[in-house]
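Here are some short exercises to work through with the model open beside you. Try each task on your own before reading the solution.

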Amino acid sequence: MATFFGEVQSVFSRAVDEDDEEEEGEEEEEDREIIAELERKREVHVTWNPEVTAAIESSPNRRLPCSNVILSVGDNATGFVSSYILSSGSWEVCGSITLWNERCRDCNPRKDSLPAPSSCTFYRSITDPTVLLCQCNSYIAEDQLFQWCEKVFGSLEKSSLNVTVLSTCPVSEYKTPESTYSLPVPFLKALRTSEYREEVPCPLLEQPNIADGLPAAVLTYCQVWQIPAVFYRCYTDLSKLDSITIDAFRPLLSCQRMSRLAADSAKIQETLRKTVKSSEIQSNLYI
Amino acid sequence: MFVPIGSEQDFPSDYTLLLPAISVGNVGQLAIDLIISTLKIPKVGYFYTDCLVPMVGSNPYETDEENAKELCTNAEVYALPSQKLAVLQLRSLVIKKKSKSFRQALVSWIKRCAFARVILLSSCHAYHRDDTQLFGTPFRYLVTPALQKSVADVLKELEWKEMEKVSSYPGLNDNEKRVFIPGGGFTKRFYDDCCLEDLQMAVVLKFCSEGDNVPDAFSLLNQVNEWLHLVASTNGDVLAKWKAPGSWQLLFGSGLPAAIF
């Protein structure tokens, strides 16, 4: 459309606005290159230690023999695992995941020989190398979740695999006919796949509550491919790392699968104190 | 990719597939919920895809303590052999930039299963209606050329209205017209894909606004039921025959603290 002065303007019309559908197929070559480059940058990279890589390569179907994966997502869940399980000392770092997204920019793999800062770290039990822990503290974007599961579980032997996922969620997101104000927090709820037959030490998460993020992606993967998996979600009113929320996960140690991994109580207390204290010191700017 | 729960990989070729669009007010998804819950359609598999945001929850259609423990995921397939009906329910959003590959996955699954008909339940922003659309029925349909022949008479008899096409360049050139479904999510492009692939597909949509869209879902389904006869209509209350699933409770959040009163 030409104006009084003759310049051509593009007219914006609501009537031809394709609001929530992105324009496709009309991208220029350059746009396509940028999109492809971005996609490459957002790829999830799983790196295993030389010993694990060797174990994967020597196994008959090139998968790591694995009986148990415990995945903790977020500060409190990873805090629980590091104080109640990792503190026993019989664990070694065996791999990591690096990825890049808008909220986690320094996680891309480095080209130099320095170890890359990773978004998730894998630990392997020294006494039983088929038990893996995965500590995940960083944000994983929606478009990376599927890839995360495919890549991690793609390198594990699934025939006797059992998956446990731990995470926390603000109690304000919990839907209940009563008010969430009167609920005793923190409390645990669980979701499990059809193949998971063991006892769950807490009530199941009832409708209309749902879960999203990495735990949802992992549970979906396990449900679809018939892997026994359970997800424990701790509803809490504290968003930062704190010992009360960490303690709320303790009922999990009553499961046989978890109890044999627990550290002794002296070590637990010591690590718990250290974990909570270090986060407190960082936040006490004015003391 | 369709992953069956049992060993049955494919559907008999005379099945009708019902699926929702992720559109304004989630009307299509709510309507699909009503169909599954009312007809008690069993789950037969998952539509495993990287194009939808992951979500899990317990069984939204629970009827007893035992089946309440089942897990539901973001895209599941249900089938009712007695009515030759397959239903795909989508429970989360399509990830940005993955709409195209999601539609491709849907189209290739539909082609592989050779569904006799595909019916997409959708909605469209009410505020985008033009003056003529403000009057009369809020429902519209679209059918692909492949389905047109077999359903034209039925739809004419039902006095359904086809979705009006709008000018591509309003005020400049009114000869060039196109389908326009604002707020319909992937509806329009999926319809275009089905036309290109010569699939027998129809869209049934309602003009609505974001809000409490439960009544929209009921009315869209009553409209669809006139054509497909999913549930025998009774002379009583038209809404009573659809059963809302348990997952619809607390749509507007948790209870309020008693202390505020």
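**Exercise 1. A pair within one helix**

Task: Find A:Lys274 and A:Glu270, say where they lie, and work out how exposed each one is.

Solution. Step one is to place the pair: A:Lys274 and A:Glu270 sit in helix α8 (residues 265-283) of chain A, four residues apart, which is about one turn of the helix. Keep in mind throughout that this is a predicted model. Step two is the distance: the closest N and O atoms of the two residues are 3.6 Å apart, and A:Lys274 and A:Glu270 form a salt bridge. The cut-off for this kind of pair is 4 Å. Step three is exposure. A:Lys274 has a relative accessible area of 57%, so this residue is exposed. A:Glu270 reaches 43% and therefore counts as partly exposed.

**Exercise 2. Two salt bridges in chain B**

Task: Take the salt bridges B:Lys188 with B:Asp192 and B:Glu76 with B:Arg91, and describe where the partners of each lie.

Solution. Start with B:Lys188 and B:Asp192, whose side chains meet with N to O at 3.5 Å. Both belong to helix α4 (residues 187-196) of chain B and are four residues apart, about one turn of the helix. B:Lys188 has a relative accessible area of 14%, so this residue is buried. B:Asp192, at 29%, is partly exposed.

Now turn to B:Glu76 and B:Arg91, where the closest N and O atoms are 2.7 Å apart. This pair links distant parts of the chain: B:Glu76 is in strand β6 (residues 75-80) of chain B, while B:Arg91 is in the loop between β7 (85-90) and α2 (99-113) of chain B, 15 residues away. Both B:Glu76 and B:Arg91 are buried.

To finish, set these pairs against the total: the count over all chains is 20 salt bridges.

**Exercise 3. The contact between the chains**

Task: Describe the contact between chain A and chain B by its residues, its buried area and its polar pairs.

Solution. First, count the residues: 48 come from chain A and 50 from chain B. Second, take the area: about 4000 Å² is buried between the two chains, with carbon and sulfur atoms giving 57% of that. Third, look at the pairs across the contact. There are zero salt bridges between chain A and chain B, but 11 residue pairs are in polar contact, both residues at pLDDT 80 or more.

Fourth, see which elements of chain A take part. Those that give two or more residues to the side touching chain B are α4 (142-154), β7 (187-192), β8 (210-212) and α5 (213-224) of chain A. The most comes from α5(A), with eight residues. By residue type, this side of chain A divides into 19 nonpolar, 12 polar and 17 charged.

**Exercise 4. Strands that meet across the chains**

Task: Follow strand β4 (residues 55-58) of chain B and identify its partner in chain A and its partner in chain B.

Solution. Begin across the contact: β8(A) and β4(B) pair in the antiparallel sense over three bridges. To check the register, note that A:Ile210 stands opposite B:Gly57 and A:Asp212 stands opposite B:Met55.

Next, stay within chain B. There β4(B) pairs with strand β5 (residues 71-72), again in the antiparallel sense, over two bridges. B:Gly57 stands opposite B:Cys72 in β5(B). B:Gly57 thus has a facing residue in β8(A) as well as one in β5(B).

Last, sort the side directions. B:Met55 and B:Gly57 point one way from β4(B), B:Val56 and B:Ser58 point the other way, and all are buried.

**Exercise 5. The surroundings of one serine**

Task: Locate B:Ser37, decide whether this residue is buried or exposed, and list what it touches.

Solution. B:Ser37 is found in helix α1 (residues 27-39) of chain B. Its relative accessibility is 4%, so B:Ser37 counts as buried. Leaving out residues up to four places away in sequence, B:Ser37 touches B:Tyr61, B:Lys243, B:Ala244 and B:Pro245. One of these contacts can be made specific: a polar atom of the B:Ser37 side chain lies 2.6 Å from the backbone oxygen of B:Lys243.

Conventions:
Residues are numbered from 1 along each chain as its sequence is written. Chains are lettered from A and ligands numbered from 1 in the order in which they are written. This is a predicted model: local features need pLDDT of at least 70, side-chain atom pairs count only at pLDDT 80 or more; totals for chains, interfaces and linings use all residues. Side-chain values use heavy atoms; hydrogens and water are left out. Contact means heavy atoms within 4.5 Å. Buried area is the accessible area (1.4 Å probe) that two parts lose on being put together, summed over both. A polar contact is a pair of N or O atoms within 3.5 Å; within protein, one must be able to donate a hydrogen and the other to accept it, and residues adjacent in sequence count only if both atoms are side-chain atoms. Ala, Val, Leu, Ile, Met, Phe, Trp, Tyr, Cys and Pro count as nonpolar, Asp, Glu, Lys and Arg as charged, and the others, Gly among them, as polar. Two strands pair if DSSP finds at least two bridges between them. Buried means under 20% relative accessible area, exposed over 50%, partly exposed in between (1.4 Å probe, protein chains only).
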